[in-house]
Amino acid sequence: MSWIQKGQLSLWERFCANIIKAGPIPKHIAFIMDGNRRYAKKCQVERQEGHSQGFNKLAETLQWCLNLGIREVTVYAFSIENFKRSKSEVDGLMDMARQKFSRLLEEQCFLNICFAYTSRHEISNAVREMAWGVEQGLLDPSDVSESLLDKCLYTCHSPNPDILIRTSGEVRLSDFLLWQTSHSCLVFQPVLWPEYMFWNLCEAILQFQMNHSMLQQKAQDMYAEERKRQQLERDQAAVTEQLLQEGLQASGDGQLRRTRLHKLSAKREERVQGFLQALELKRADRLAHLGTASA
């Protein structure tokens with residue numbers, strides 16, 4: 001039987017979902033699923049039962065997202081810092097995660113799982129990958145940019161989250177998707193994760209819709225344009241240096257400058273694409289090695 005089933009909303013919930021879908025719907029939502037241990041303490045049950053209820057709530061939340069037309073979900077399942085918990089709790093979480101996430105993978109759902117993850121580690125790893133590209137001769141040092149760092153993150157194949165939701169009343173990001181959520185709508189809700197309800201999700205989407213103005217989109221567009229402008233300035237400076245080294249006037253033939261700029265941009269794009277292909281192969285080999293080691 002499927003763990004995630006579409007169409008489980010009540011009549012009243014479906015009615016409200018249709019109203020919400022009349023407005024802009026987020027393409028991607030990220031969750032910090034906080035409060036499992038406090039839920040266990042509140043209900044006077046074992047911590048493992050709290051975590052089990054948290055996994056079940058994730059499956060239910062994915063049902064709601066399917067009904068609302070949300071195409072992608074990312075969850076903070078386990079931070080690197082969580083390994084500091086007791087061995088029995090960590091071992092129990094590992095066993096439970098293996099069982100629950102195996103079922104999700106069988107269902108080909110739209111879920112990204114951040115496991116043994118911190119954002120600082122992700123960003124520093126992206127910097128190391130770019131440094132590796134320069135060392136291998138795949139990149140020039142001038143190719144390193146914010147845009148390239150975006151493409152080196154673990155989330156490079158996903159759009160940035162439109163909403164980041166954290167439950168349990170904590171108002172902090174806890175080293176989760178720090179780079180990717182710079183333009184996201186941040187929603188902090190007091191409810192403990194195992195007690196999360198459809199109406200809590202609706203509230204978060206309504207907050208997103210109220211803040212989803214043309215100004216917000218314009219800010220993102222302006223940021224992207226600023227990146228392009230900075231790259232163009234670097235390219236123009238590089239072409240000027242080339243011309244001066246060749247004994248030509250830096251402000252001379254406009255057509256020559258445009259041709260050089262085009263060639264410079266095309267060569268950089270060729271290097272970047274070659275580097276990204278090599279990086280994909282490197283990561284695939286690493287995953288294959290991990291899979292063989294754990295078998």
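Two residues are in contact when they have heavy atoms within 4.5 Å of each other. With that in mind, the model, which is a predicted one, can be read from its interior outwards.

Leaving aside neighbours within four places in sequence, Val-73 is in contact with His-28, Ile-29, Phe-31, Leu-62, Cys-65, Phe-110, Leu-111 and Asn-112. Val-73 also belongs to the largest nonpolar core, a set of 33 residues, where it is listed with Phe-31, Leu-58, Ile-165, Tyr-196 and Leu-201 as having the most contacts inside the core. Several helices and strands each supply at least two residues of this core, including helix 1 (11-20), strand 1 (28-32), helix 3, strand 2 (72-79), helix 4 (87-106) and helix 7 (198-211). Apart from this core lies another, of 11 residues, among them Met-130, Leu-148, Leu-276 and Leu-279.

Helix 3, which spans residues 47-68, packs against helix 7 and also against helix 2, and the table sets out the geometry of the two pairs.

| Helix pair | Angle between axes | Distance between axes |
|---|---|---|
| Helix 3 and helix 7 | about 50° | 10 Å |
| Helix 2 and helix 3 | about 120° | 8 Å |

How are helix 2 and helix 3 oriented to each other? Angles of 65 to 115 degrees count as roughly perpendicular and those over 145 as roughly antiparallel, and because an angle of about 120° falls in neither range, helix 2 and helix 3 are oblique to each other. Their crossing is right-handed, and helix 3 passes helix 7 in a right-handed crossing as well.

The residues that make these contacts can be described pair by pair. In the first pair, Trp-64, Cys-65 and Leu-68 of helix 3 meet Phe-198, Leu-201 and Ile-205 of helix 7, and by class this contact has 6 nonpolar, no polar and no charged residues. In the second pair, Asn-36, Arg-37, Tyr-39 and Ala-40 of helix 2 touch Arg-47, Gly-50, His-51, Gln-53 and Gly-54 of helix 3, and the residues of this contact divide into 2 nonpolar, 5 polar and 2 charged.

Is His-51, in helix 3, buried or exposed? His-51 is buried, because its relative accessible area is 4% and buried means under 20%. Beyond its neighbours within four places in sequence, His-51 is in contact with Asn-36, Arg-37, Arg-85, Glu-89, Leu-93 and Met-96.

Ser-265, by contrast, is found in helix 9 (residues 254-294) and counts as partly exposed, at 31% relative accessibility. From C-alpha to C-alpha, Ser-265 and Arg-103 are 45 Å apart in space, and they are 162 residues apart in sequence.

Methods
Residues are numbered from 1 along each chain as its sequence is written. This is a predicted model: local features need pLDDT of at least 70, side-chain atom pairs count only at pLDDT 80 or more; totals for chains, interfaces and linings use all residues. Side-chain values use heavy atoms; hydrogens and water are left out. Helices (H or I, at least four residues) and strands (E, at least two) are DSSP runs, numbered from the N terminus. Buried means under 20% relative accessible area, exposed over 50%, partly exposed in between (1.4 Å probe, protein chains only). A nonpolar core is a set of buried Ala, Val, Leu, Ile, Met, Phe, Trp, Tyr and Cys residues joined through side-chain atoms within 4.5 Å. Axes are lines fitted to C-alpha atoms, for helices over the stretch in contact, and angles run from 0 to 180 degrees between N-to-C directions. A crossing is left-handed if the near helix is turned anticlockwise from the far one by less than a right angle, and right-handed if clockwise. Ala, Val, Leu, Ile, Met, Phe, Trp, Tyr, Cys and Pro count as nonpolar, Asp, Glu, Lys and Arg as charged, and the others, Gly among them, as polar. Angles under 35 degrees count as roughly parallel, over 145 as roughly antiparallel, 65 to 115 as roughly perpendicular and the rest as oblique.
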